[in-house]
Amino acid sequence: MVDNRLNAGEGGNPIPRHIAIILDGNGRWAKKRGLPRTAGHAAGAENFRKIATYCKNIGVKYLTVYAFSTENWTRPKEEVKAIMKLLDKYLHEAITTMERDHIRMRILGDVSVLSPELQEEIRETNEISSRYEGFQANICLNYGGRAEILQAAKRFAADVAAGRTEKELDEAKFGGYLYSAGLPDPDLLIRPGGEKRISNFLLWQCAYSEFYFSDVLWPDFSTEELDRAIAEFNRRERRFGGVK
Ligand code: IPE
Ligand code: IPE
Ligand code: MG
């Protein structure tokens, strides 16, 4: 059973239990500085490290970030290659951090098409995560909301056909077939980088998330910005379709 209670942060402000962030604006950040887009991705990865640590320290339980979408493969080959190289470096380093700080990490997305090195790192991060409890970072990699829903429908149908499950289906059971199985829905979804769209992120899970858009480009998105997003979240009245 998922516990949806919020932690009390500094000053008694509730801290969202689950924050999701679309890591957008790396390319423009680099361009503004006359740097290659890759430099923006490196700065973005560094900022993820900082924000994840901050989230852990203020009592967020789950941080889910959109790092590479199913549509991002359409980018120039060199950029995709550079992003994959950065992910490889990041995951490699993360393994040490996870052991040290008892952090859990999960990759959401179709990882079967990633390089053997990346897949091995993902296997290792899963293994380490199984030993700890507490803060969990989820990295969406080769992730698409539609692809996620489609693979869930296919796996469910296959299970029914094979007699592994009953044909009755409800939202909770379907949720168990998603990449996000077992995670509570995001309370707060943040999109830095100025765009006001969802870009195929967590389509099922964001049904009742609060959205926060910021013009700040992701590599510049500071802990103060995050505080502002949380403060705004706390000013919202969540009704979930009811009356208050
Ligand atoms: C987000 O930054 C990172 C990925 C999608 C991999 P972008 O690369 O989309 O940066 P902009 O939007 O071009 O500035
Ligand atoms: C969304 O950003 C995907 C990730 C951050 C991984 P994009 O830059 O790919 O989104 P669009 O193209 O602006 O919608
Ligand atoms: Mg973008």
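## Surface and burial

In this predicted model, the protein chain exposes about 12,900 Å². Carbon and sulfur atoms supply 53% of that exposed area. Of the 244 residues in the protein chain, 47% are buried.

## Overall fold

The protein chain contains 7 helices and 8 strands. Its C-alpha trace spans about 55 × 50 × 35 Å along the principal axes. The radius of gyration is 18 Å, which agrees with the value near 18 Å that a compact globule of 244 residues would have.

Contacts can also be sorted by separation in sequence. Among contacts between residues at least 6 apart, 73% join residues at least 24 apart.

## Charge distribution

The protein chain carries 36 positive and 35 negative charges. The mean position of the positive charges lies 3 Å from the mean position of the negative charges.

Side chains of opposite charge can pair when their charged atoms come close. The structure holds 22 salt bridges.

## Individual salt bridges

Asp24 and Arg28 are joined through their side chains in a salt bridge, with an N to O distance of 3.3 Å. Asp24 counts as buried because its relative accessibility is 16%, under the 20% cut-off. Arg28, at 34% relative accessibility, counts as partly exposed.

A salt bridge also links the side chains of Arg75 and Glu79, at 2.9 Å from N to O. Here the acidic residue is again buried: Glu79 has a relative accessibility of 9%. Arg75 is partly exposed, its relative accessible area being 29%.

In the salt bridge between Glu195 and Arg197, the closest N and O atoms are 3.7 Å apart. Glu195 has 24% relative accessibility and therefore counts as partly exposed, since the buried class requires a value under 20%. Arg197 is also partly exposed, with a relative accessible area of 47%; the exposed class begins over 50%.

## A salt-bridge network

Salt bridges also link residues into a network made up of Asp187, Glu210, Glu232, Arg235, Arg236 and Arg238. The acidic members are Asp187, Glu210 and Glu232, and the arginines are Arg235, Arg236 and Arg238.

How values were computed. Residues numbered from 1 in each chain as written. Chains lettered and ligands numbered in written order. Predicted model: local features only at pLDDT ≥ 70, side-chain atom pairs only at ≥ 80, totals over all residues. Heavy atoms only, no water. Helix = DSSP H or I, 4+ residues; strand = E, 2+ residues; numbered from the N terminus. Rg over C-alpha atoms; globule rule 2.2 N^0.38 Å. Buried < 20%, exposed > 50% of the residue type's maximum accessible area, 1.4 Å probe, protein only. Contact = heavy atoms within 4.5 Å. Areas by Shrake-Rupley, 256 points an atom, 1.4 Å probe, with all protein chains shown as cover. Lys, Arg positive; Asp, Glu negative; His and termini not counted. Charge placed at Lys NZ, Arg CZ, Asp CG, Glu CD. Salt bridge = Lys/Arg side-chain N within 4 Å of Asp/Glu carboxyl O.
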